[in-house]
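Dear colleague,

I am passing on the structure below, and my notes on it follow. Please read them with the coordinates open beside you.

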Amino acid sequence: MTLEVEGLKVHYRTLKGDVRALDGVSFSLADGEIVGLAGESGCGKTTLGKSLIRLDGRMRHVAGTAVLDGEELPIGDDKAMNPRRWSAVSIIPQYSMSALNPTRRIGRMIAELLRSRGKSYRDHRDELVRRLELVGLEARVLDNYPIELSGGMKQRVVMVLSTLLDPSLLIADEVTSALDVTNQKAVAETLVRFRDMGFVKSMIVVTHDLSLVYQIADTIMVMYAGQIVEKAPAETIIKAPRHPYTRALIGALPEVGLEYGDERLQSIPGKPPHLLHPPTGCRFRARCPLAADECAAEPPIVAVEAGHEVSCWKAAD
Ligand SMILES: Nc1ncnc2c1ncn2[C@@H]1O[C@H](COP(=O)(O)OP(=O)(O)OP(=O)(O)O)[C@@H](O)[C@H]1O
């Protein structure tokens, strides 16, 4: 098991109070597993990814643990996390390809990064060049400034860079959203190849694009309002989802929602609850077509079959 997360609660401090962005998240990741993390904007996907590597100034680790390769990650302790970043846990943050330092040639930027971690560029250069070539980039990109590369090339540089030290866990946050369809596919395939070649052990791919993650993920987790509501093999989530929210998400997708007949391509009515004061009971119930009295109590997440977990009182119906 690469990662075991148990009861994770992470809040944002605001003037109005705590935003409960992660409110009791538990899951595990087997060695070699790629898990896709899906859900509407604001459900907590990015917060979950960040929590496993770097809390930003307003984030507060309230409860729960994350154990990576048998060792607890000190997620609330920025200093203690530092030696683990990039080498044990690595992230490709949202918009990272646009965040490459415009004043540095790529090679120099990577050399400086390595040096800041106490590693020598010379020791890593051959492997760096080999991996750039693997993703179709010539060594001379190291002499380029970011502005001289296309979006797809920059994203491939970022992917090579983030996995250069062979981290156990890679968090890829919306790595395809700013790219055209051809580049999206190439980037998604590259993530799988990096896993297959052992550059990373396991991966969390954060996305709102279920159809893309379906192509590469072994497992899909669906989040709603700061909690995981369903987790299952990718095929099961797409073809036989149990949670009404997952069904609605799939139904809103043209490519993979074909089996949901009349419901397909309809947006989900209503809005997710605000996480400053999340409702009691099932958080989806105000929007749920199946909501009943029992949904006033919080549904536990239970296994409906091997490898398929759902948090819904109606999932067994
Ligand atoms: N700096 C912040 N201060 C206060 N609340 C925040 C902050 N960042 C995020 N949040 C809140 O935390 C919740 C989870 O946000 P998060 O960015 O993790 O969601 P997401 O699912 O990744 O959304 P998106 O797909 O838009 O990136 C949201 O309710 C959001 O408004």
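I begin with a detail of strand pairing, where valine 302 has valine 310, in β12, as its bridge partner. Please keep in mind throughout that this is a predicted model. The strands concerned are β11 (residues 302–305) and β12 (residues 308–310), which run antiparallel and are joined by three bridges. Two residues lie between the strands of this hairpin, and glycine 307 adopts a positive phi there, near 75°.

The second region is the surroundings of the ligand, where the shell counts 15 residues, and those that come nearest are Tyr12, Ala21, Ser41, Thr46 and Thr47. Two or more residues of the shell are given by each of β1 (3–14), β2 (17–29) and α1 (45–51), and the largest share, three residues, is that of α1. By character, the shell is made up of eight polar, five nonpolar and two charged residues.

The third region is helix α5, which comprises the 13 residues 151–163 and reaches 19 Å from its first C-alpha to its last, close to the 18 Å expected at 1.5 Å a residue. The helix is mostly covered, with twelve of its 13 residues buried; among them are the charged-type side chains one might wish to inspect by eye, Lys154 and Arg156, as well as Met153, Val157, Val160 and Leu161. The cover over these buried residues includes the strands β6 (89–92) and β7 (169–173), together with the helices α3 (106–116), α4 (121–134) and α6 (181–196).

One residue of α4 deserves a separate remark, namely arginine 130, which is placed in that helix. Is arginine 130 buried or exposed? Arginine 130 is exposed, because 11 other C-beta atoms lie within 10 Å, and a residue counts as exposed when that number is 12 or fewer. The C-alpha atom of arginine 130 is separated by 9.9 Å from that of valine 160, although the two residues are 30 apart along the chain; valine 160, for its part, is one of the buried residues of α5.

Finally, on annotation, an unreviewed UniProt entry carries "domain: ABC transporter" for residues 5–250. In the model, that span is 35% helix and 27% strand, and the C-alpha atoms at its two ends lie 26 Å apart.

With kind regards

Key
Residues are numbered from 1 along each chain as its sequence is written. This is a predicted model: local features need pLDDT of at least 70, side-chain atom pairs count only at pLDDT 80 or more; totals for chains, interfaces and linings use all residues. Helices (H or I, at least four residues) and strands (E, at least two) are DSSP runs, numbered from the N terminus. The expected span of a helix is 1.5 Å times one less than its number of residues. A residue is buried if 20 or more other C-beta atoms lie within 10 Å of its own, exposed if 12 or fewer, and partly exposed in between; C-beta atoms are placed from the backbone. Two residues are in contact if their C-beta atoms, placed from the backbone, lie within 7 Å. UniProt positions are given in the numbering used here, feature names are shortened, and annotations may be inferred rather than shown by experiment. Two strands pair if DSSP finds at least two bridges between them. A residue is near a molecule or strand if its C-beta atom, placed from the backbone, lies within 6 Å of it. Ala, Val, Leu, Ile, Met, Phe, Trp, Tyr, Cys and Pro count as nonpolar, Asp, Glu, Lys and Arg as charged, and the others, Gly among them, as polar.
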